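Me: I'm new to looking at protein models. Could you walk me through how to read one?

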Amino acid sequence: MARKNNYPNVQEVKAAPGEMGEMVSHALDISEIGKSGTPKTPDEWRERIFEYFTYCINHDMRPGVENMALACGCSRQNLWQYQRSGSEIGKIITQAKQTLAALMETWSLEGRLNPATSCFLFKNHFGYSDTQHLEIEPQKPLGRTMTVEELRASVPELLDSDIIYE
C-alpha cells in the first residue's frame, strides 16, 4: 500500500476525466488574451478586465486574481503595484478585485469554497487578516510617585544621612 504524501505540491488535483484538459485549455486561452501585453490606458484596462470576466461567464469558469493578471498580461505582483498607484488604473483594478472578493465571499458563505482556501485567498489577495492588534498603555504599577521627603519618611533606615537629596 502506497503511503499518502502530505506535501501540498504533490497532492492530486480532484478532477473528473476531461476536466484537467479543459482547465489547461482555459489557462492557455486566458494567456492568449494577455499576449498583446499589459494595457496602457484606463479604457484598455476596463476592456481587458471585462473581456476576462466575459470569458469566465462564457466558459462557466470561476474567476480569480492570478487568471485576471494573466489576462492583463502581467504578474499578480505587477497587478498589485498598478492597483496601489492611486491612478485611475488602480481604481479599475480595485473594483475588479472587489468584484472577485464579493464573489468569493458569496461562494464561501454558501459552502462552495473550502474554508482553508477562502482564508488563504482573502489574506493573500484581498488584504484580510486574522491578527489582533493590542494597544498597551503603560500604567504606574506602584501607584503615584512619592516625593523625596515622603521616601525619607517611609524608609529612614535605608537612607544615608550624609547624602543630600534634591
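**Reading helix contacts**

Reply: Sure, and keep in mind that this model is predicted. Take a pair of helices to begin with: the axes of α4 (residues 76-84) and α5 (residues 88-109) cross at roughly 120° and come within 6 Å.

Me: How is α4 placed relative to α5, oblique or roughly antiparallel?

Reply: An angle over 145 degrees would count as roughly antiparallel. At roughly 120°, α4 is therefore oblique to α5. The crossing of α4 past α5 is left-handed.

Me: Which residues of α4 and α5 meet?

Reply: From α4 you have Leu-79, Trp-80, Tyr-82 and Gln-83, and they meet Ile-89, Gly-90, Ile-93, Thr-94 and Lys-97 of α5. Sort the residues of that contact by character and you get five nonpolar, three polar and one charged.

Me: Can we try another pair? At what angle do α1 and α2 pack?

Reply: Helix α1 (residues 19-34) packs against helix α2 (residues 42-58) at about 165°, and their axes are 11 Å apart. Apply the cut-off again: angles over 145 degrees are called roughly antiparallel, so α1 is roughly antiparallel to α2. This crossing is right-handed.

Me: And which residues make the contact of α1 and α2?

Reply: On the α1 side, look for Ser-25, His-26, Asp-29, Ile-30, Ile-33 and Gly-34; on the α2 side, Arg-48, Glu-51, Tyr-52 and Tyr-55. This contact divides into four nonpolar, three polar and three charged residues.

Me: Let's zoom out. How many helices and strands does the chain have?

Reply: Count seven helices and zero strands. Going along the sequence, the pattern reads α-α-α-α-α-α-α.

Me: What share of the residues in the chain is buried?

Reply: Of the 166 residues, 24% are buried. For the outside, the accessible surface of the chain is about 13100 Å², and carbon and sulfur atoms hold 54% of that. You can also ask how far apart in sequence the partners in a contact are: among contacts with a separation of 6 or more, 52% join residues 24 or more positions apart.

Me: I've heard that backbone angles can be worth a look too. What is the sign of phi for most residues other than glycine?

Reply: Generally, most of them have a negative phi. Now look at Asp-60: this residue is not a glycine, yet its phi is positive, at about 50°.

Me: Where is Asp-60 found, and is this residue buried or exposed?

Reply: You'll find Asp-60 in the loop between α2 and α3 (65-71). Exposed means a relative accessible area over 50%. Asp-60 has 75%, so this residue counts as exposed.

Conventions:
Residues are numbered from 1 along each chain as its sequence is written. This is a predicted model: local features need pLDDT of at least 70, side-chain atom pairs count only at pLDDT 80 or more; totals for chains, interfaces and linings use all residues. Side-chain values use heavy atoms; hydrogens and water are left out. Axes are lines fitted to C-alpha atoms, for helices over the stretch in contact, and angles run from 0 to 180 degrees between N-to-C directions. Helices (H or I, at least four residues) and strands (E, at least two) are DSSP runs, numbered from the N terminus. Angles under 35 degrees count as roughly parallel, over 145 as roughly antiparallel, 65 to 115 as roughly perpendicular and the rest as oblique. A crossing is left-handed if the near helix is turned anticlockwise from the far one by less than a right angle, and right-handed if clockwise. Contact means heavy atoms within 4.5 Å. Ala, Val, Leu, Ile, Met, Phe, Trp, Tyr, Cys and Pro count as nonpolar, Asp, Glu, Lys and Arg as charged, and the others, Gly among them, as polar. Buried means under 20% relative accessible area, exposed over 50%, partly exposed in between (1.4 Å probe, protein chains only). Accessible areas come from the Shrake-Rupley method with a 1.4 Å probe; for residues, only the protein chains shown count as cover.
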